[in-house]
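Let's take a walk through this one together, starting with the terms and the whole chain and then going down to single side chains. Have the viewer open and follow along.

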Amino acid sequence: MFIALFIWLLLKIFRALFGRLFIGWEPVVALEITKILVHPIKSCKGTSVQEARYSPEGVEYDRRLVIVDAKTHVAITARDISKMLLIHPNIHTDESEPYGGVIEVSFPADSDCEAFYIPLRPTQDLLETWPMVDNAKVWKSNNDGYVVQSLNPDAAYGPGTPSETLSIFLGRSVLLVVKGPRIRWVQPTTSFPELKTMTAFQDGYPILVATDSSLEDIAKRVKLAANTEEDGEDTFKIHGLDKDIWKEKEFAMERFRPNIVISGEGLVAYDEERWEEIEVGQHHGKMLLVSLCHRCQVPNIDVETAVPDTSVPSQLQPPHGIPFATEEAFNRYEGTLDTFTAMQMAKKPAVSKAPTCWELQLKITKILVHPIKSCKGTSVQEARYSPEGVEYDRRLVIVDAKTHVAITARDISKMLLIDPKIHVDESDPYGGRIVISFPADSDCEAFSIPLRPTQDLLETWPIVDNAVVWESTNDGYVVQSLDPDATYGPDTPSETLSNFLGRSVLLVAKGPRLRWVVPTTNFPKLRANAAFHDGYPVLIATDSSLEDITKRVQLAAKTEGDGEDTFKIHGLDKDFWKEKEFAMERFRPNIVIGGEGLVAYDEERWEEIEVGQDHGRMLLVSLCYRCQMPNIDVETGEEDTSVPSQILNKYRRSQLENLSASCFGINTCPLDFGILRVGDPVKVNRWVKRGGILPIPPANSG
């Protein structure tokens, strides 16, 4: 016992002292985020903030705006006009404002240019009133956008105040452009040749990371050069260096324009150049560090005066540019930056190749959205998606009014007759409505609720802090009627649903608290979140697998025997099932895939797919095991005791090595943001290794 403890202590000491000398040995480093910088307008002054949201496209509000030449639409940066760094955009968030707040753009006092205000989150309706630019050029990419207009038609220079004011300050005709909807893909890197992520108007990648230790090294070398006349082994002779200024002057991190600055005990200068993946914040979001950032002359410009220095820091490195700071692609998660709680230096996993013996010509054949958990789904031609799932899918749940436990069609089968229809209307203050209707013979009147309720509206609704979906406890808001004179008063949604279901219930909208999914066997470090889904954000199924189920049901209905190629199903209504098609809606997927070369249950061997015109990636994390809900007819709400449960139990269990649960469909986690359209291509990027199949989900995932 004591000998083992002594050896363990020796190993810890040895690793701490000499770990860097050995491949694969890494010292324990306690790191934290020390600064967060947001640059609303490309190449203008950045703002230090205490917290910021982030997504695969970068830090929220960072470089969503760019100043371009009025004729050529080529981006103008501080490389062209150094005094751009004196333009100061400040973010003022105010959720009571129709645009979520404003960006105040101010100028130096001696410029005689008045500050102006532009909307923080302009609505689509507002954007459509602004002139469109289809060719805003940032480096080699052409981007779409909108020329930002003043909200005040009587502004000093008319509706074009932002661009006119900037033109006067910069001394040339320019336009202020906000990013349009077209996705701007980044360039793959040597370490990540299959990198697929997007960016706004950043130079190359969504986020730039730097460390205090690397900046301290730069500052130390500048001071060393300023305090010596010699040019020896350990000194630097910098041509044109103003030694009096740089003897004591601190070198500002803002010159390098990072988004995230990291510091901590044990961190050595340029250590960050050896990281490949890190985990940040209280949400443990993962980030890939994809390449070094090569430097131009912009860091030579003093961010307070906009005066360029010909020497510092550019002369501290070779002429081609110093690789200072690391550019990161947020291609997996979203969350909030506040503290840097953990880090891992991960090796790149080996990628298993797709079989080359055949080519699959796959496409999306159906998209289904279920606004209220366990109620009728709606087939749509296109839908946005994010790492949290398909837009508007299962953002609402019906819970018991007393216990706040979710009620599903497993409990009351006629829930599937409740029909929530999405009506998008950007002129509506809430982006549209969800109209919830009931069967004609129910005597329950349809009602409508806001599609995208604002924070102000949500704060007027009662809060539920313990809505239970499976084993997870979630926060939410009890949905209220917008019409105070509604049949049952402001509680119309819950009261109407209570009358239809015959028990006291509440209709609850998802709150802001993240609901993390359970990691799976193939993805033990999976970090993704869901709304009110049973387990994971998206469910995928294929037409070929459904055809196999239908064929087996019809085969059982057309034969009296129980032979080698038939199934005897107890209680099967043979007359009913001889010709009846089995509806995919019974399995409640979000994305249905079909195509040439697709064999039934092939999807159980996929590990990563690429979907749509945006080439968004999705991880297929586990099989979806099945309860009795697919036995309920989605048109009548009546439950069949036999189909498909007896087919699944008899056939799908044996195919899955006698697993305890019968399965149909694949639980999926999107890695990117994008738009799905019926007819969009689907590509299999990676298959499960060694011909295996995906595991079933953990027992507590639901």
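Before we look at any residue list, one term: a residue counts as buried when its relative accessible area is under 20%, as exposed when it is over 50%, and as partly exposed in between. Keep in mind, too, that what you have on screen is a predicted model.

With that cut-off in hand, try helix H8, which covers residues 543-557. Its buried residues are Ser 544, Ser 545, Leu 546, Asp 548, Ile 549, Thr 550, Arg 552, Val 553, Gln 554, Ala 556 and Ala 557. That makes eleven of the 15 residues in H8, so the helix is largely enclosed by the rest of the structure. As for its geometry, the distance from the first C-alpha of H8 to its last is 21 Å, close to the 21 Å expected at 1.5 Å a residue.

Now zoom out to the whole chain. There are ten helices and 39 strands in the protein chain. Of its 702 residues, 54% are buried. The accessible surface adds up to about 32500 Å², and carbon and sulfur atoms own 51% of that. If you like thinking in contact maps, take the contacts with a separation of 6 or more: 69% of them link residues 24 or more positions apart.

Next, some sheets. One is an open sheet of three strands, ordered S25-S26-S27, with antiparallel pairing. Its edge strands are S25 (419-424) and S27 (447-450), each of which pairs on one side only. On average, neighbouring strands here are turned by 25° against each other, ignoring direction. Look closer at S25 and S26 (residues 432-437), and you'll find six bridges holding the antiparallel pair. Within this region, Pro 420 sits opposite Ile 436 of S26.

A second open sheet also has three strands, this time in the order S23-S22-S38, and its pairing is antiparallel. Why does one side of S23 (389-390) and of S38 (674-677) have no neighbour in the sheet? These two strands stand at the edges with a single partner strand each, so one side of each is left free of a sheet neighbour. S22 (residues 382-386) is joined to S23 by two bridges, with the strands running antiparallel. Ser 386 is opposite Gly 389 in S23.

Stay with S22, because Glu 382 belongs to this strand. Is Glu 382 buried, exposed or in between? It is partly exposed, with a relative accessible area of 45%. Leaving out residues up to four places away in sequence, Glu 382 touches Ile 367, Ile 675, Leu 676 and Arg 677. With Arg 677 there is a side-chain to side-chain polar contact of 3.4 Å. The C-alpha of Glu 382 is also 9.6 Å from that of Gly 679, a residue 297 positions away along the chain.

For a last stop, go to Lys 286 in strand S17, which spans residues 285-294. This lysine is buried, as its relative accessible area is 5%. Where does its side chain go? The side chain of Lys 286 reaches the backbone oxygen of Lys 525, at 2.8 Å.

Methods:
Residues are numbered from 1 along each chain as its sequence is written. This is a predicted model: local features need pLDDT of at least 70, side-chain atom pairs count only at pLDDT 80 or more; totals for chains, interfaces and linings use all residues. Side-chain values use heavy atoms; hydrogens and water are left out. Two strands pair if DSSP finds at least two bridges between them. Helices (H or I, at least four residues) and strands (E, at least two) are DSSP runs, numbered from the N terminus. Axes are lines fitted to C-alpha atoms, for helices over the stretch in contact, and angles run from 0 to 180 degrees between N-to-C directions. Buried means under 20% relative accessible area, exposed over 50%, partly exposed in between (1.4 Å probe, protein chains only). Contact means heavy atoms within 4.5 Å. Accessible areas come from the Shrake-Rupley method with a 1.4 Å probe; for residues, only the protein chains shown count as cover. The expected span of a helix is 1.5 Å times one less than its number of residues. A polar contact is a pair of N or O atoms within 3.5 Å; within protein, one must be able to donate a hydrogen and the other to accept it, and residues adjacent in sequence count only if both atoms are side-chain atoms.
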